[in-house]
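Student: Could you take me through one part of this model in detail? I would like to look closely at the place where protein and DNA meet.

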Protein chains: 2
Amino acid sequence: MTTRRDAVHDILRRSAGFRSAQDVYAEMRLHGAKIGLTTVYRALQALADNGQVDVLRTDDGESVYRACASDVHHHHLVCRKCGRTVEVAGPAVERWAEAVGSEHGFTEITHTVEVFGTCASCSPSAAAGGR
Amino acid sequence: MTTRRDAVHDILRRSAGFRSAQDVYAEMRLHGAKIGLTTVYRALQALADNGQVDVLRTDDGESVYRACASDVHHHHLVCRKCGRTVEVAGPAVERWAEAVGSEHGFTEITHTVEVFGTCASCSPSAAAGGR
DNA sequence: GAGGATTTTGACAACCGTTTTCATTTTGGC
DNA sequence: GCCAAAATGAAAACGGTTGTCAAAATCCTC
């Protein structure tokens, strides 16, 4: 029985950026869905375990989730204003991480890379200028 | 009056890797210091604000702190077994992040990069093998 | 040096996101 | 229809962090 899980997955697929669990929960309630917060958390965890969504922690400790188009390893370029997210491949970074790791005798290298910026539409110079 | 803050800073300086607030607090109490958990949190925040320590979030939402040798931008290579941390510079990554960002019209690019691995002394092949 | 304002401290409570509990409901098999 | 297994969700528990507030330490002025 995965209809709730699918519903949760759908919300994420329709979203441009990362969403928090509470956020997803609120939206589902708005859409009239009868679902509990617990179930949303469980669904998100299941999806994350299946590798169907990406998870990361915000600076204030919230977990945020995103349904990613590609299931291969990739990173995110996130607009810090509007949250819009672009998936980016980074072979250069992968190689760099590997190199840095083995250079220091480390093995089984993994890495987390997130890039933040202000996207074109949110750029201050695109709107009224400054100060 | 910054003697507590200095004490906290000292703990971090003597530590090889990232430490959590509660961790630092526990150690200070062990050393006989009379300090409250609240104060440790405040000290760590102050140090982080001053850029004297680096902060990052673990996967389970805990904030961890580290006194870094260099005050210029750098990244960390962390052993997932023993927590040993090496500071690494990564001009290649900086450039990559910038490139990726501007390629998509993003400005004011920042990034977070952490590399994890198993260090030489913790490597399974260095110890008894098996399974 | 005394007196008072200001800052720092720390015990405790409040918060907030997340997880667990557990009774109820739903589902699937026979 | 009936039972067992799984899913659900309300509420409580949890854990790290932050806020509150009174007491203590410190600084400044006279």
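**The surface near DNA strand C**

Tutor: Start with the residues around DNA strand C. There are 16 of them, and Tyr41(A), Gln45(A), Ser63(A), Thr39(B) and Arg42(B) come nearest. Keep in mind that this is a predicted model.

Now sort these residues by kind. The surface near DNA strand C has 5 nonpolar, 7 polar and 4 charged residues. Next, place them on the fold. Three helices each supply at least two residues of this surface: α2 (21-30) and α3 (37-49) of chain A, and α3 (37-49) of chain B.

Turn to the DNA side. Take the atoms of DNA strand C within 4 Å of the protein. Of these, 64% belong to sugar or phosphate, and the rest belong to bases.

Three contacts fill in the picture. In chain A, a polar backbone atom of Ser63(A) is 2.7 Å from a phosphate oxygen of DNA strand C. In chain B, Thr39(B) uses its side chain: an N or O atom there is 2.6 Å from a phosphate oxygen of the strand. Arg42(B) meets a base instead. An N or O atom in the side chain of Arg42(B) is 2.5 Å from a base nitrogen of DNA strand C.

So put the pieces together: Ser63(A) meets a phosphate oxygen through its backbone, Thr39(B) meets a phosphate oxygen through its side chain, and Arg42(B) meets a base nitrogen through its side chain.

Notes: Residues numbered from 1 in each chain as written. Chains lettered and ligands numbered in written order. Predicted model: local features only at pLDDT ≥ 70, side-chain atom pairs only at ≥ 80, totals over all residues. Heavy atoms only, no water. Near = heavy atom within 4 Å. Polar contact = N/O pair within 3.5 Å; in protein donor to acceptor, adjacent residues only side chain to side chain. Helix = DSSP H or I, 4+ residues; strand = E, 2+ residues; numbered from the N terminus. Nonpolar A, V, L, I, M, F, W, Y, C, P; charged D, E, K, R; others polar.
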